Amino acid sequence: STGGNEKEVSYPQSKTLASFMNATVDHDDVNARCVESAKRFDEIAKAADYSELGDVRKPRNACRRAAKSVVEWDRLLYCKEYDATDNNMHVVLTRMVPWESSTKNDILIGWYDPSCNPYRRRGATSDNNNNMSKEDPFSDMPPDDPSSQADFQIALQHLFGGSTAHEKGKDTVPVVTCDQNDWSSEEVTEIQTQLETFINNDEQDTLRFHRGMGSRKRKLIHFVAEKMGLRHWGE
């Protein structure tokens, strides 16, 4: 996949993203930073691997789609860096149409020859020296995707949005915002309501959920409890 004879592929593949992720690791040793950033990228890649086709145009699973965009952008940057000496190399990240064709609907498209630009306007021409006419075919690129921007906003709110810790006995109960990643707002409200009832019951110190819940629902309970400032653990 690298075009070389490397024994293995290191991630992130692009120098740009690798440099950025290394800079976020608080460690003096360069090799340790690289190892840690590779682990973090692996977590992003795991989050990006989902198959809920019905959520393609919905806020749910926005965090997973944002993670997948990071993975795809790493590939795009790697393609550009691999042939950085050639200014005629163009790479774009776009999607299949319709989006519901697959959950893996991101597509990287690259070209050297301007005449191969799939977004080229009809009638655009170039001379023998690849000089564009006034109808520059490179001016036609895929438009920005508002839904991708929305996914990233949801992901950022989920990861960095503030929450107020709750102390048992106080009247204020923080509102839990659904992370729109793995659960519906109804599911979040259901668990939050149960925890609010528990908080308001002075005679109960511990709330135990039955063991029949799957891993997905247990993860939701931990998520809501954390947002509400409650201690939570599994047995």
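## The overall picture

Six helices and two strands make up this protein. Keep in mind that you're looking at a predicted model. Start at the N terminus and follow the chain, and the elements come in the order α-α-α-β-β-α-α-α.

How much of the protein is buried? Of its 235 residues, 32% are buried. The accessible surface is about 15,500 Å², and carbon and sulfur atoms account for 50% of that. There's also a number for how the chain folds back on itself: take the contacts between residues at least 6 apart in sequence, and 52% of them join residues at least 24 apart.

## Helix α1 and its two sides

Let's look at helix α1, which spans residues 15-23. Which of its residues are buried? They are Leu17, Ala18, Met21 and Asn22. These four sit on the same side of α1, because they cover an arc of only 135 degrees around the axis.

Turn to the other side of α1 and you'll find Lys15, Phe20 and Ala23, which are exposed. And what covers the buried residues? The cover includes helix α2 (30-48) and helix α3 (62-82). So those two partners of α1 are worth a visit, one at a time.

## Where α1 meets α2

Here's a handy bit of background: two packed helices are described by the angle between their axes and the distance between the axes. For α1 and α2, the axes come within 9 Å and cross at roughly 110 degrees. An angle from 65 to 115 degrees counts as roughly perpendicular, so that is how α1 lies relative to α2. On the α1 side, the contact is made by Leu17, Met21 and Asn22, while α2 brings in Arg33, Cys34, Ser37, Arg40, Phe41 and Ile44. Sort the residues of this contact by class and you get five nonpolar, two polar and two charged.

One of the α2 residues, Ser37, deserves a closer look. Is Ser37 buried or exposed? Its relative accessible area is 2%, and buried means under 20%, so Ser37 counts as buried. Apart from its neighbours within four places in sequence, Ser37 is in contact with Met21, Asn22 and Val25. Val25 is 12 residues from Ser37 along the chain, and the C-alpha atoms of the two are separated by 6.9 Å.

## Where α1 meets α3

Now for the other partner. The axes of α1 and α3 come within 7 Å, crossing at roughly 125 degrees. The two helices are therefore oblique to each other. Lys15, Thr16 and Leu17 of α1 make this contact with Val70, Asp74, Leu77 and Glu81 of α3. By class, that gives three nonpolar, one polar and three charged residues.

## Two buried residues in α3

Helix α3 is also home to Val71, which counts as buried because its relative accessibility is 10%. What does Val71 touch? Leaving out neighbours within four places in sequence, Val71 is in contact with Phe41, Ile44, Ala45 and Ala48. Take Ala45: it is 26 residues from Val71 in sequence, yet the two are 6.5 Å apart in space, C-alpha to C-alpha.

Glu72 lies in α3 too. With a relative accessible area of 7%, Glu72 is buried. If you skip residues up to four places away in sequence, Glu72 touches Leu93, Asp106 and Leu108.

## A buried arginine in β1

On to the strands. Strand β1 covers residues 90-95, and Arg95 is part of it. Why does Arg95 count as buried? Because its relative accessibility is 15%, and the cut-off for buried is under 20%. Not counting residues up to four places away in sequence, Arg95 touches Asn105, Asp106, Ile107, Asp145, Ser147, Ser148 and Asp151. You've met Asp106 already, as a residue that Glu72 touches.

## Two cis peptide bonds

Most peptide bonds are trans, but have a look at these two spots. Tyr11 and Pro12 are joined by a cis peptide bond, with omega at about -5 degrees. You'll find Pro12 in the segment before α1.

The peptide bond from Val97 to Pro98 is cis as well, and its omega is near 0 degrees. Where is Pro98? Look in the loop between β1 and β2 (106-111).

How values were computed: Residues are numbered from 1 along each chain as its sequence is written. This is a predicted model: local features need pLDDT of at least 70, side-chain atom pairs count only at pLDDT 80 or more; totals for chains, interfaces and linings use all residues. Side-chain values use heavy atoms; hydrogens and water are left out. Buried means under 20% relative accessible area, exposed over 50%, partly exposed in between (1.4 Å probe, protein chains only). The arc is that of the directions from the helix axis to the C-beta atoms. Contact means heavy atoms within 4.5 Å. Accessible areas come from the Shrake-Rupley method with a 1.4 Å probe; for residues, only the protein chains shown count as cover. Axes are lines fitted to C-alpha atoms, for helices over the stretch in contact, and angles run from 0 to 180 degrees between N-to-C directions. Angles under 35 degrees count as roughly parallel, over 145 as roughly antiparallel, 65 to 115 as roughly perpendicular and the rest as oblique. Ala, Val, Leu, Ile, Met, Phe, Trp, Tyr, Cys and Pro count as nonpolar, Asp, Glu, Lys and Arg as charged, and the others, Gly among them, as polar.
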